[in-house]
Amino acid sequence: KKHQAIAAAYSTAVRNANDRQKARALNMDKVMATSTNSQADYLFDYNTMEAVLLSCGVFVCLSGVMFQTGDLDSPIYQTQREILTVLVAIVIFASLIYFFTVFFIEVRTACGGGACASK
């Protein structure tokens with residue numbers, strides 16, 4: 001009798017463990033499905049946009065201070081000046097692209113994919 005009770009308790013425990021594992025797998029699938037949406041929305045979050053554009057602005061301002069000091073006018077620093085000039089141009093161009101991308105996606109989202117044109 002004790003062996004039968006132990007076997008029944010063991011089979012119940014295994015069945016419960018399998019049910020819990022299946023439930024965890026379903027919950028994990030739900031988490032993964034929602035996390036992909038939040039990862040995609042991260043780039044278009046206002047706080048992220050503010051942080052990126054603020055960082056770009058600080059970099060451009062610091063580069064301007066470096067140009068104004070006159071130390072980069074020396075022929076010794078010609079390569080560094082050219083590299084800094086290219087980096088500043090890239091940062092300005094990339095930040096403009098990022099801003100307008102976020103702007104147009106927000107307008108499209110607010111309009112509902114063309115609903116603003118019909119109003």
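**Exercise 1. Find which residues Ser63 touches, leaving out residues up to four places away in sequence.**

Solution. Start by locating the residue: Ser63 sits in helix H2. Keep in mind that you're looking at a predicted model. Now skip the residues up to four places away in sequence, and you're left with Leu84 and Val88 as the ones Ser63 touches. Both Leu84 and Val88 are on the list of buried residues of H3.

**Exercise 2. Decide whether Ser63 is buried or exposed.**

Solution. Look up the relative accessible area of Ser63, which is 2%. The cut-off for buried is under 20%. Ser63 is therefore buried. Next, see what company Ser63 has: the buried residues of H2 are Thr48, Met49, Cys56 and Ser63.

**Exercise 3. Take Val88 and work out where it is placed, how accessible it is and what it is in contact with.**

Solution. Step one: Val88 belongs to helix H3. Step two: its relative accessible area is 12%, so Val88 is buried. Step three: leave aside the neighbours within four places in sequence, and Val88 turns out to be in contact with Phe59, Val60 and Ser63. Step four, a distance: Cys61 and Val88 are 27 residues apart in sequence, while their C-alpha atoms lie 9.6 Å apart in space.

**Exercise 4. Do the accessibility and contact steps again for Ser95.**

Solution. Ser95 is another residue placed in helix H3. With a relative accessibility of 15%, Ser95 counts as buried. Not counting residues up to four places away in sequence, Ser95 touches Leu53 and Cys56. Of these, Cys56 is one of the buried residues of H2.

**Exercise 5. Check the length of H2 and of H3 against the span expected at 1.5 Å a residue.**

Solution. Take H2, with its 24 residues: from first C-alpha to last it reaches 35 Å, close to the expected 34 Å. Then take H3, which covers residues 78–111, 34 of them: it reaches 49 Å, close to the expected 50 Å. Now look just past each end. Right after H2, Gly70 takes a positive phi of about 90 degrees. Right after H3, Gly112 takes a positive phi of about 75 degrees.

**Exercise 6. Work out how H2 and H3 are arranged relative to each other.**

Solution. First the axes: those of H2 and H3 come within 10 Å and cross at roughly 155 degrees. Angles over 145 degrees count as roughly antiparallel. The two helices, H2 and H3, are therefore roughly antiparallel to each other. As for handedness, the crossing of H2 and H3 is left-handed. The contact draws on many residues, including Leu53, Cys56, Phe59, Val60 and Ser63 of H2 and Leu84, Val88, Val91 and Ser95 of H3. Sort the residues of this contact by type and you get 17 nonpolar, four polar and two charged.

**Exercise 7. List the buried residues of H3 and name a helix that covers them.**

Solution. Reading along H3, the buried residues are Leu84, Val88, Val91, Ser95, Tyr98, Val102 and Cys111. Helix H2, residues 46–69, is included in what covers them. Here's a handy rule for the pattern: an α-helix has 3.6 residues a turn, so residues three or four places apart point the same way.

**Exercise 8. Zoom out and describe the protein as a whole.**

Solution. Count the elements: there are three helices and zero strands. From the N terminus on, they run α-α-α. Then look at burial: of the 119 residues in the protein, 10% are buried. Finally, take the contacts between residues at least 6 apart in sequence: 69% of them join residues at least 24 apart.

How values were computed. Residues are numbered from 1 along each chain as its sequence is written. This is a predicted model: local features need pLDDT of at least 70, side-chain atom pairs count only at pLDDT 80 or more; totals for chains, interfaces and linings use all residues. Side-chain values use heavy atoms; hydrogens and water are left out. Helices (H or I, at least four residues) and strands (E, at least two) are DSSP runs, numbered from the N terminus. The expected span of a helix is 1.5 Å times one less than its number of residues. Buried means under 20% relative accessible area, exposed over 50%, partly exposed in between (1.4 Å probe, protein chains only). Contact means heavy atoms within 4.5 Å. Axes are lines fitted to C-alpha atoms, for helices over the stretch in contact, and angles run from 0 to 180 degrees between N-to-C directions. Angles under 35 degrees count as roughly parallel, over 145 as roughly antiparallel, 65 to 115 as roughly perpendicular and the rest as oblique. A crossing is left-handed if the near helix is turned anticlockwise from the far one by less than a right angle, and right-handed if clockwise. Ala, Val, Leu, Ile, Met, Phe, Trp, Tyr, Cys and Pro count as nonpolar, Asp, Glu, Lys and Arg as charged, and the others, Gly among them, as polar.
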